[in-house]
Each structure stands twice: as structure tokens, then as C-alpha cells.
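Me: I have a sequence and a model open. Teach me to read the fold one feature at a time.

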Amino acid sequence: MNDDELLTVPDVMARLKLGRSTVYDLIRSRRLPSITIGRCRRIPARAVREYITNELEAAA
């Protein structure tokens with residue numbers, strides 16, 4: 001996964017094995033940063049990697 005890559009919500013759903021509403025809840029709660037380009041929501045791949053790292057640290 002390239003850190004500069006912008007992912008769609010379905011991409012994030014597939015990578016994290018989460019449902020659509022859960023991904024949008026993470027975005028709304030600002031636990032998963034995203035940007036809007038026009039009407040499209042995009043999540044930086046780096047943000048997904050950081051989210052996973054933060055969750056692993058919190059679980060430890």
C-alpha cells in the first residue's frame with residue numbers, strides 16, 4: 001500500500017474487513033481522517049495504517 005494513495009470507502013471496508021456504516025462512523029468520529037474531493041470521500045492509505053497502529057497500541 002503506497003502512503004500517497006487515496007482510498008475509497010469500499011477500499012477501506014475491504015482492507016479493514018468492516019462494514020460501510022462502521023467506516024463512516026470512524027470518519028465522523030475523526031478516528032480515521034479523510035478528505036472530500038467534489039462529492040467523493042477519500043481516505044489516505046497512511047491514515048488507515050496509522051489507525052491500525054493506534055488500535056494495536058491501545059489493545060496492548
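Reply: Start with a packing list. The buried residues of H2 pack against H1, E3 and H3. This is a predicted model, so confidence comes next.

Me: What average pLDDT does the protein have?

Reply: The mean is 95, and 98% of the residues score at least 70. By element, H2 has the highest confidence, at 98. H3 has the lowest, at a mean of 95.

Me: Back to H2, then. Which residues of H2 are buried?

Reply: The general idea first. An α-helix has 3.6 residues a turn, so residues three or four places apart point the same way. Now the case here. Val23, Leu26 and Ile27 are the buried residues of H2. Viewed down the axis of H2, they fall within an arc of 100°, so they line one face of the helix.

Me: Which residues are exposed on the other side of H2?

Reply: Ser21 and Arg28. Exposed means over 50% relative accessible area, and buried means under 20%.

Me: Let me try H1. Which of its residues are buried?

Reply: Helix H1 covers residues 9–16, and its buried residues are Val9, Val12 and Leu16. Their arc around the axis is only 60°, which puts them on the same side of H1. As for partners, the buried residues of H1 pack against E1, H2, E3 and H3.

Me: H1 and H2 pack together, then. At what angle do their axes cross?

Reply: At roughly 105°, with the axes coming within 9 Å. Angles of 65 to 115 degrees count as roughly perpendicular. H1 and H2 are therefore roughly perpendicular to each other.

Me: Which residues make that contact?

Reply: From H1, Val9, Val12 and Met13. From H2, Arg20, Val23, Tyr24 and Ile27. Val9 and Val12 are also buried residues of H1. Val23 and Ile27 are also buried residues of H2.

Me: Now the backbone. What should I look for in phi?

Reply: Look at the sign. Most residues other than glycine have a negative phi, and most peptide bonds are trans. Now take Lys17, just after H1. Its phi is near 55°, a positive value in a residue other than glycine.

Me: Where is Lys17 found?

Reply: In the loop between H1 and H2. Lys17 is exposed, with a relative accessible area of 71%.

Me: What phi does the residue just after H2, Arg30, take?

Reply: A positive phi of about 65°. Arg30 lies in the loop between H2 and E2. Its relative accessible area is 74%, so Arg30 is exposed.

Me: That leads to the sheet. What is the strand order?

Reply: To read a sheet, follow the pairings from one edge to the other. The order here is E1-E3-E2, in an open sheet of 3 strands with antiparallel pairing. Strand E1 (6–7) and strand E2 (35–37) are the edges, and each pairs on one side only.

Me: How many bridges join E2 to E3?

Reply: 3 bridges, and the two strands run antiparallel. Strand E3 covers residues 40–44. To see the register, find Ile35, which stands opposite Arg42 in E3.

Me: Which strands does helix H3 touch?

Reply: H3, residues 45–59, packs on the sheet and touches E1 and E3. Its direction makes about 55° with that of E3. H3 also appears in both packing lists: the buried residues of H1 pack against it, and so do those of H2.

Methods. Residues numbered from 1 in each chain as written. Predicted model: local features only at pLDDT ≥ 70, side-chain atom pairs only at ≥ 80, totals over all residues. Heavy atoms only, no water. Pairing = 2+ DSSP bridges. Helix = DSSP H or I, 4+ residues; strand = E, 2+ residues; numbered from the N terminus. Contact = heavy atoms within 4.5 Å. Axes fitted to C-alpha atoms, helices over the stretch in contact; angles between N-to-C directions. Buried < 20%, exposed > 50% of the residue type's maximum accessible area, 1.4 Å probe, protein only. Arc of directions from axis to C-beta. pLDDT = per-residue confidence, 0-100. Parallel < 35°, antiparallel > 145°, perpendicular 65-115°, else oblique.
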